[in-house]
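Open the model in your viewer and keep the selection panel at hand. The tour goes from the protein interface to the DNA.

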Number of protein chains: 2
Amino acid sequence: MSDQQERQPPSRRIAEELRAAIMRGDLGDGDQLPSERDLAARYATARNTAREALGILQAEGLAQAQHGRGVFVRLRRPLMRMGRDRYSRRARNETGLSPFRIEVERQGRTPHTECRSVTTVQPPAEVAQRLGLDARQEVIRRENWYFADDEPMQVGVTYIPTTVVEGSPLATEKKLGRGSIYQRFEDLGYPIARIREELSARMPTPEEVKGLSIPPGVPVIELLHTSLDGDGRAFEVTRFVMRADVNGLDYEMPVED
Amino acid sequence: MSDQQERQPPSRRIAEELRAAIMRGDLGDGDQLPSERDLAARYATARNTAREALGILQAEGLAQAQHGRGVFVRLRRPLMRMGRDRYSRRARNETGLSPFRIEVERQGRTPHTECRSVTTVQPPAEVAQRLGLDARQEVIRRENWYFADDEPMQVGVTYIPTTVVEGSPLATEKKLGRGSIYQRFEDLGYPIARIREELSARMPTPEEVKGLSIPPGVPVIELLHTSLDGDGRAFEVTRFVMRADVNGLDYEMPVED
DNA sequence: GGCGGCAACTGGCTTAAGCCAGCTTCGATG
DNA sequence: CATCGAAGCTGGCTTAAGCCAGTTGCCGCC
């Protein structure tokens, strides 16, 4: 044991040894870690100290506890690659699918989307700004949940100026039938030509943990998407919250001069 | 107290009440939370139970403990917006600066970059793949650390095929003098024309926590960047690890057909 | 062979008590 | 007025013990 290790409190030292075992591959995806009681005996320490060590690994996203079963190395999962191409007309025309469905099917899973509400609201300030609206102007708010094999992957809250969707089922209906929302915008005279995507990452709120079934130690990616037509008009803003253990972004694009 | 709250263990209920106070704005950025001992007295509970509650908020990125001082609401900081424009020749020519420096100065802070090593290595598999190399072919590896006002913001490990930088200080020198690495690539016959950026988010490793001074409950954004020239040749791959509390990405781009 | 119950495993969470170490504030002294 | 030391605040961490609740495996019985 190195000098640095010697000075560490036992909970951190135990965590360090378990982490090293995971990193070396001695403990692989899905493998069970020693129990709290087992570690306590093995390291001649209190059960709570061992439990603290396991908690450190969970907070780092390396392990996941299951009540009554044990603590397991968290599975590293293939990420869904969400990219610019998901908005392309070619992708839409070839498959008739929305960007999310394309990617889920690419992974051999069954996509399923659920619109949970359609309301008329005043937009958040950052949304109003991107839509070029006065904050008092109301917009249509659609809340969509995205699943793969019944597993929640992300949630998207879409804001659309009422003028864009007057008379369209987009303004009133949860169920829109098959096809992409962007085909509908095109039919309404708003063909998507440019997008802006602003990304950040943070820890999920308890509501997001619950709604998206996010394991401990897993952050979310927050993606603020703006759609613009050929004239540069923003006609839709969507705030996505994506589980970071199953979602990634993948952009390929020219460098502007 | 609602039925749901009534059934929650005390540590979660205390956390919930503190979280609500933060969300309501009753506790603002930088405000001190009640101490462990104070909460224990107030809720007639054990100090460790109160401590557990504060730990929940730290894990969510809402609070930060300081040894001997207290627990404080974590500051929400303005994000540096890293985007496609950071690679543009116009931005480079107008400022003579690298993309990182442009953004730090935009925030009124002092940028500072430090190359910590230049070595020749065999690339990781995912890097070899993106550079179109056999994994046995060696590449130049440069490790750069990026600071704003002496605060570490991100680290980037750059891989460049040796053929691209033969005879260039890029292959051998830590200090490159003023100007952008992409100007040097242009001078070497590799003008950047396209980029690919693959993004994900995760919790940082202990080494990253230490090196980047990441507060608890703050994830990192991992950005795998590939630079391509006009012929579609990849000439550089950089893996960035960015503190998610101070970095965000911001892309505006045409939708491809 | 299937089913149910029980024992033994597991994690979830609390308690009371304690000691260590960092930081802040206040009072005494020069 | 400045400095230093002590007291009192703070968080870091452990201990021993305990009880609750979920899961699993095994054994007995039908």
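Two strands count as paired if DSSP finds at least two bridges between them. Keep that in mind for the first stop. One caution before starting: this is a predicted model.

**Stop 1: strands across the interface**

Select β10(A) and strand β7 of chain B, residues 194–202. They pair in the antiparallel sense, over 6 bridges. Now pick M253(A). Opposite this residue stands I195(B), in β7(B).

**Stop 2: the whole interface**

Widen the selection to both protein chains. Chain A brings 40 residues into contact with 40 residues of chain B. Which residues of chain A lose the most area to chain B? Color R84(A), M253(A) and V255(A): together these three give 17% of what that side buries. For the pair of chains, the buried area is about 3900 Å², and carbon and sulfur atoms give 54% of that area.

Next, show polar links. Between chain A and chain B there are 4 salt bridges. One to display is R194(A) with E252(B), where the closest N and O atoms are 3.5 Å apart. Side chains of opposite charge can pair when their charged atoms come close. Across the interface, 11 residue pairs are in polar contact, both partners being at pLDDT 80 or more.

Then color the chain A side by element. At least two residues each come from α5 (89–95), β7 (194–202), α9 (206–212) and β10 (247–254). β7(A) gives the largest share, 9 residues. Recolor by class: this side has 18 nonpolar, 6 polar and 16 charged residues.

**Stop 3: a salt bridge inside chain A**

Select R81(A) and D250(A). Their side chains meet in a salt bridge, 3.1 Å from N to O. R81(A) sits in strand β3 (residues 80–83) and D250(A) in strand β10, so look for partners 169 residues apart that link distant parts of the chain. Over all chains, the whole structure holds 53 salt bridges.

**Stop 4: DNA strand C**

Show the 25 residues around DNA strand C. Those that come nearest are R47(A), S11(B), T45(B), T49(B) and G68(B). On the DNA side, sugar and phosphate account for 60% of the strand C atoms that come within 4 Å of the protein.

Zoom in on single contacts. An N or O atom in the side chain of R37(A) is 2.8 Å from a base nitrogen of strand C. For R51(A), a side-chain N or O atom is 3.2 Å from a phosphate oxygen. P10(B) uses a backbone N or O atom, 3.1 Å from a phosphate oxygen.

Which elements give two or more residues to this surface? From chain A, select α3 (36–42), α4 (47–59), β1 (63–66) and β2 (70–73); from chain B, α2 (10–24) and α4 (47–59). By class, the surface has 5 nonpolar, 12 polar and 8 charged residues.

**Stop 5: DNA strand D**

Move to DNA strand D and its 25 surrounding residues. S11(A), T45(A), T49(A), G68(A) and R47(B) come nearest.

Pick out three contacts here. A polar backbone atom of P10(A) is 3.1 Å from a phosphate oxygen. N48(B) places a polar side-chain atom 2.8 Å from a base oxygen. R51(B) has a polar side-chain atom 3.2 Å from a phosphate oxygen.

Finish with the elements. At least two residues each come from α2 (10–24) and α4 of chain A, and from α3 (36–42), α4, β1 (63–66) and β2 (70–73) of chain B.

Notes. Residues are numbered from 1 along each chain as its sequence is written. Chains are lettered from A and ligands numbered from 1 in the order in which they are written. This is a predicted model: local features need pLDDT of at least 70, side-chain atom pairs count only at pLDDT 80 or more; totals for chains, interfaces and linings use all residues. Side-chain values use heavy atoms; hydrogens and water are left out. Contact means heavy atoms within 4.5 Å. Buried area is the accessible area (1.4 Å probe) that two parts lose on being put together, summed over both. A polar contact is a pair of N or O atoms within 3.5 Å; within protein, one must be able to donate a hydrogen and the other to accept it, and residues adjacent in sequence count only if both atoms are side-chain atoms. Helices (H or I, at least four residues) and strands (E, at least two) are DSSP runs, numbered from the N terminus. Ala, Val, Leu, Ile, Met, Phe, Trp, Tyr, Cys and Pro count as nonpolar, Asp, Glu, Lys and Arg as charged, and the others, Gly among them, as polar. A residue is near a molecule or strand if one of its heavy atoms lies within 4 Å of it.
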